[in-house]
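Please open the model in your viewer and keep the sequence panel visible beside it. The tour below proceeds by selection, with a note on what is found at each stop.

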Amino acid sequence: MSTRLPGARYKRIFDRGRSIKGRLLVAWHLGSPDADRMAGVVVSKKTFHDAVDRNRAKRLMREAFRLLVKEGAMPEKTEWIFIARSAIGKAKCGDVVEEMKWILRQRTRTPVVPESRQRTGASVVPEEGKL
């Protein structure tokens, strides 16, 4: 089975998925019962002018993903899109693997919402004269 994400699924992940921004890359992910463990990579010409540099960035991201799948660290039923940032140009494969592991930890971390921002379901009515 291929681990490359078909082009038709990119829009769905960008529309419904969530993003996590790292130092070397930005990861979009979408988990669903019908999803496979696949990844797509994006490297822009604006960030990497030379084709050699764009191809190296794509190779690094694909290899890091492959190693994490082999290791069993990537969750099942999740599709990924990795977008290269300029810092990946000087990175080694081990750096990209560590970045993806950090992204996985961020993905599973539950956000802490301060009490002042939690919704209770009741509408807030301003005091008289304080509109």
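## First stop: the hairpin

Select strands S1 and S2, which form a hairpin with three residues between them. The model shown here is a predicted one. S1 covers residues 18-21, and its pairing with S2 is antiparallel, over four bridges. To see one of these bridges, display Arg18 together with its partner in S2, His29.

## His29

Keep His29, a residue of strand S2, and show its side chain. Is His29 buried or exposed? With a relative accessible area of 11%, His29 is buried; the cut-off for that term is under 20%. Next, add Arg107: its side chain and that of His29 are joined by a polar contact of 3.4 Å. Now display the residues that His29 touches, leaving out those up to four places away in sequence: Ile13, Gly17, Arg18, Ile20, Thr78, Glu79, Trp80 and Arg107.

## The whole chain

Zoom out and colour by secondary structure. The chain holds three helices and four strands, and from the N terminus the order of elements is α-β-β-β-α-β-α. Of its 131 residues, 32% count as buried. The accessible surface of the chain is about 9200 Å², and carbon and sulfur atoms contribute 50% of this area. Among contacts with a separation of 6 or more, 77% are between residues 24 or more positions apart.

## Helix H2

Select residues 51-71, which make up helix H2. How far apart are the end C-alpha atoms of H2? They are 30 Å apart, and this agrees with the 30 Å that 21 residues should span at 1.5 Å a residue.

Now show the side chains of the buried residues of H2: Arg54, Ala57, Leu60, Met61, Ala64, Phe65 and Leu68. Turn the view to look down the axis of H2: these buried residues fall within an arc of 125°, so they line one face of the helix. The spacing along the sequence fits a general rule: an α-helix has 3.6 residues a turn, so residues three or four places apart point the same way. On the other side of H2, select Val52, Arg59 and Lys70, which are exposed.

What covers the buried residues of H2? The cover includes strand S2 (25-31), strand S3 (38-42), strand S4 (78-84) and helix H3 (93-108). Before leaving, go to Gly72, which follows H2 and has a positive phi, near 85°.

## Helix H3

Select H3, one of the elements that cover the buried residues of H2. The 16 residues of H3 should span 22 Å at 1.5 Å a residue; its end C-alpha atoms are 23 Å apart, which agrees. The buried residues of H3 are Val96, Val97, Glu99, Met100, Ile103 and Leu104. They cover an arc of only 160° around the axis, so they are on the same side of H3. Display S1, S2, H2 and S4 as well, since the buried residues of H3 pack against these elements.

## The loops at Ser32 and Lys77

Go to Ser32, in the loop between S2 and S3. Ser32 is buried, at a relative accessible area of 16%. The side chains of Ser32 and Asp34 are joined by a polar contact of 2.8 Å. Apart from neighbours within four places in sequence, Ser32 is in contact with Arg12 and Lys77.

Follow the second of these contacts to Lys77, which is found in the loop between H2 and S4. Lys77 is partly exposed, at 43% relative accessibility. Its backbone also merits inspection: phi of Lys77 is near 60°, a positive value in a residue other than glycine.

## Last stop: Arg9

Finish with helix H1, residues 9-16, by selecting Arg9. Arg9 is partly exposed, with a relative accessible area of 26%. Beyond its neighbours within four places in sequence, Arg9 is in contact with Asp36, Met38 and Glu79. Glu79 was also displayed earlier, among the residues that His29 touches. Finally, draw a distance from the C-alpha atom of Arg9 to that of Ala35: the two are 10.0 Å apart in space and 26 residues apart in sequence.

Definitions and conventions
Residues numbered from 1 in each chain as written. Predicted model: local features only at pLDDT ≥ 70, side-chain atom pairs only at ≥ 80, totals over all residues. Heavy atoms only, no water. Helix = DSSP H or I, 4+ residues; strand = E, 2+ residues; numbered from the N terminus. Expected span 1.5 Å × (residues − 1). Buried < 20%, exposed > 50% of the residue type's maximum accessible area, 1.4 Å probe, protein only. Arc of directions from axis to C-beta. Contact = heavy atoms within 4.5 Å. Polar contact = N/O pair within 3.5 Å; in protein donor to acceptor, adjacent residues only side chain to side chain. Areas by Shrake-Rupley, 256 points an atom, 1.4 Å probe, with all protein chains shown as cover. Pairing = 2+ DSSP bridges.
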